[in-house]
Structures are given as C-alpha cells and as structure tokens.
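Here are a few notes to read alongside the model. Have a look at the structure first, then go through the points one by one.

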Amino acid sequence: MHMGDDQTQTEQEVIVSSTGIASIYAAAKQLEGIVRKTPLIYSEYFSDLSGNAAYLKLENLQTTGAFKLRGAYNRISMLTEEERRCGVITASAGNHAQGVAYAAQKLGVDAVICMPATTPILKVEATRALGATVILHGNGFDDAYAHSLALQKEKGFVYIHPFNDRDVIVGQGTIALEIIDALKDVDAILVPVGGGGLVSGVALGTKLVNPHVKIIGVEPENAACMKAALSGGKLITLPSADTVADGCAVKTAGTLTFEFCRRYLDEIITVSEMEIMSALLSLIEKHKLIAEGAGVLPLAALPKLNIRGKKIAVLVSGGNIDISTISALISKALISRGRVFRFAVQLPDKPGQLLNVAQILTDLDANVIRLDHDQSMVTDSFKKVQLTVTVEAHGQEHIDRIIRALAENGFEINKIY
C-alpha cells in the first residue's frame, strides 16, 4: 500500500488502522545488516537540565548520518522487478536523499534525487558520491518536490516519498523497537517532526508494543506544520518554513502522517531558533557529538517538558551539518548565553586610554579575543578614537559587571551583541 496525495481521508484511515506491529518487525528483519542499531546513552547533563533521566538515541551515528536510511531501504526493498527497472525518484532537503541513494545503490536500482538549490553542498556531494543523479531545483523542499513529481510523470520513475508513504513510515518505526529493547521501562520518547514520517513510525511502533509510553513530537516554532494541522483538524500550508533545522523546514505535513499522528501522537512541543542553537552547543560541549539543527529539536524541548522523574528517550535524528553552519550556530548560541560580548567605546585620543580599558577587563577576568582601534570611525571629533572590543564572558551577570565597571571609570559603551 503506497500512499498518494490524491487518496481520500477514508483510505488513509484504513492504511493507518491496518498497519500492525508485524510490518515493523518485518522491516527490522529487512534492515538487518544494512542499518546500525545505534547507541542509546544516558546523559547526566540533559537529565539534570530536564529533571528526568534522559537517554539519547544517536541516529546521527547511523549509516549516511541520519535515520532516513531505514525508511528508504525498507520501501525500495519492496519494489517489484519491473519497478526496479524503472528506477526511483524523490525530493529531499538532504538526509532522505542520501538514504534513497544508499539504498538504491545497495539494491542495484537507479536513483534520481531532486534537491533545493539551497541545500548545503556537503549533502549534495554525499548524495552524488552514492551514485545518484542529483538535480538542484528551487528555493526549498516544496519547489524541489513539485519538480520531482513532474519528472516522475514524464519518465515513469517510482516515487519514494520522504515521509508520506506507509513503507517509509514503517521503516522509521524500527527505531521504536530498538529504544524499547534497550530501555524497557521508557516513559516517553521525544521525536523531531518535519513532514511527520519519523514521528509517525516511532509512535506506531511504540504504541503497538506499549500504549502507555508517551510520544512527544518537537517542531521548530518557524515550521510547525504538524502542530497547525492537529490544532486545526486538517492539513494547513504554512506561509514559510525558515529554520536552522533545515531537515524539518516543511510547510505542509503529509496526508498520511497527519492521520498517524492524530491516532498515535500524544503531544507536540515547539522550540525557538535560539533554543535549537543552544541545544546543539550543549551536545557538542557535553557529549562531543555533532548533530544537525533538526537532530537536536528534542534536546531543545527537554527543559519544556511538564513531566519530572521519568525515563525519557531523546531521538537525535541526524548529524549531517557542514562546518560553516556549525560555526555560525555556535557563535549565535555563545552570544545568546552571554559567553561572547562585543562593545564599542569612544576614547580620548591620548596615550594610556587603551591600557585603562584593558586593565578593567583583566581585573574582571574577561578574555579579549578581538580588538579594533579606529580613528576614522568618530566623525564628530578629531580628539577621539573608537575602540571595538570582543571578549569571552561567563554569562549575562558577568557582562553586566563589566559594563558597570567600565561606566564607573567613565567609559560609556555601546553594546553591539
């Protein structure tokens, strides 16, 4: 049973109600030797942060760097000989692309992947390296998706939807079996939500094994398409989906995933862009692990839970992020936490002034990491220079002390960030 967007709601409901636990066990068998059973590790830091026992399910360590291989391989493995000869096509912002390319290569099937022109180059090259033909088109997932549908009609490829497909959903659901096997008394599982394929599969697999486990979806505030759909009782297309969690930048949830979520999902939490960046920084600092924006959504939601003292599995869904993006996100997170502070101050153009500022910063244990001394920046006086200073700080309270100390010594600053 493969899902099309033109199927009626009744047909979708039938697919949901007829998809049993046997299909997930069958998928797990199909994936043996192909996907890694990724680690589930206890996190002291995230446990303390949330008041719960937090366990990280590290799908960022999966083959191809994300969970998407599970669903893609399960779907492609079920193709008939005739369908395999036609080849497959899909659209993806990145991780599904690599999953489809890897699965197609393993199974000897030609694959075409339509990706947005804005996709990070790391993901494009990784997909090409797996033998797929990559076509870059449009500014976001929706543009690439529309182009892939047109090509599919024209060329007769088999469509492998990134989330709105029963066999893809069932493949993602194998994660639930691994979590429950490793943590039998788990109380809740936190799952990122983009189009809804991952959360549908995990919710299905979990609820059919143990209906008492809570499944909590996590979406970016800027791309909360499933929350909007569940709140409104029907699919809603968001005007935009602009988020650092690019793997979840989806404007419209899936028709089928919407039905799965209506049936099996307990709750959806949304998180801000700054909360996502801060979670990424914490994962790097505390666990020396790299994840992408979408991958850390559940970590960002941990402090927002209204439960305490429970065992919670947190699904870190993927780790495909390029170095320049990591660098930018870390910088923003450091600023938001008061760990980096930049200010400008006008000084009289006479000897010793720079030394005075430096001494104040030294006395307050503020480490200077950048200094710009520019006479031309001050247009209203030839007797002043502008000093721009960037320092490492220990938090907002430390920054406030630095500002007070400078003011007490006659230096009025302009805080840049």
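1. Let's start with L354, which sits in helix 17, the stretch covering residues 353–363. Bear in mind that what you see here is a predicted model.

2. Is L354 buried or exposed? Neither, quite: its relative accessibility is 34%, so it counts as partly exposed, given that buried means under 20% and exposed over 50%.

3. L354 also has company on the surface. Together with V368 and L371, it makes up a nonpolar patch, and the accessible area of the three adds up to about 220 Å².

4. Now for the aromatic rings. How many aromatic pairs does the structure hold? There are five. In one of them, Y45 and F46, the ring centres are 5.0 Å apart and the planes meet at 80°, so this pair is edge-to-face; an angle over 60 degrees is what earns that label.

5. The two partners in that pair differ in how much of them you can reach. Y45 is partly exposed, at 27% relative accessible area, whereas F46 is buried, with just 1%.

6. Another pair to look up is Y145 with Y159. Their ring centres lie 6.0 Å apart with the planes at 70°, so these two are edge-to-face as well. Y145 belongs to helix 8 (residues 141–155) and Y159 to strand 6 (residues 158–159), so the pair ties together parts 14 residues apart in sequence.

7. As for cover, both Y145 and Y159 are buried.

Technical notes: Residues numbered from 1 in each chain as written. Predicted model: local features only at pLDDT ≥ 70, side-chain atom pairs only at ≥ 80, totals over all residues. Heavy atoms only, no water. Phe/Tyr/Trp six-rings, centres within 6.5 Å; stacked < 30°, edge-to-face > 60°. Buried < 20%, exposed > 50% of the residue type's maximum accessible area, 1.4 Å probe, protein only. Helix = DSSP H or I, 4+ residues; strand = E, 2+ residues; numbered from the N terminus. Patch = residues over 30% accessible without salt bridge, like charges linked within 9 Å, V, L, I, M, F, W, Y side chains within 5 Å. Areas by Shrake-Rupley, 256 points an atom, 1.4 Å probe, with all protein chains shown as cover. Salt bridge = Lys/Arg side-chain N within 4 Å of Asp/Glu carboxyl O.
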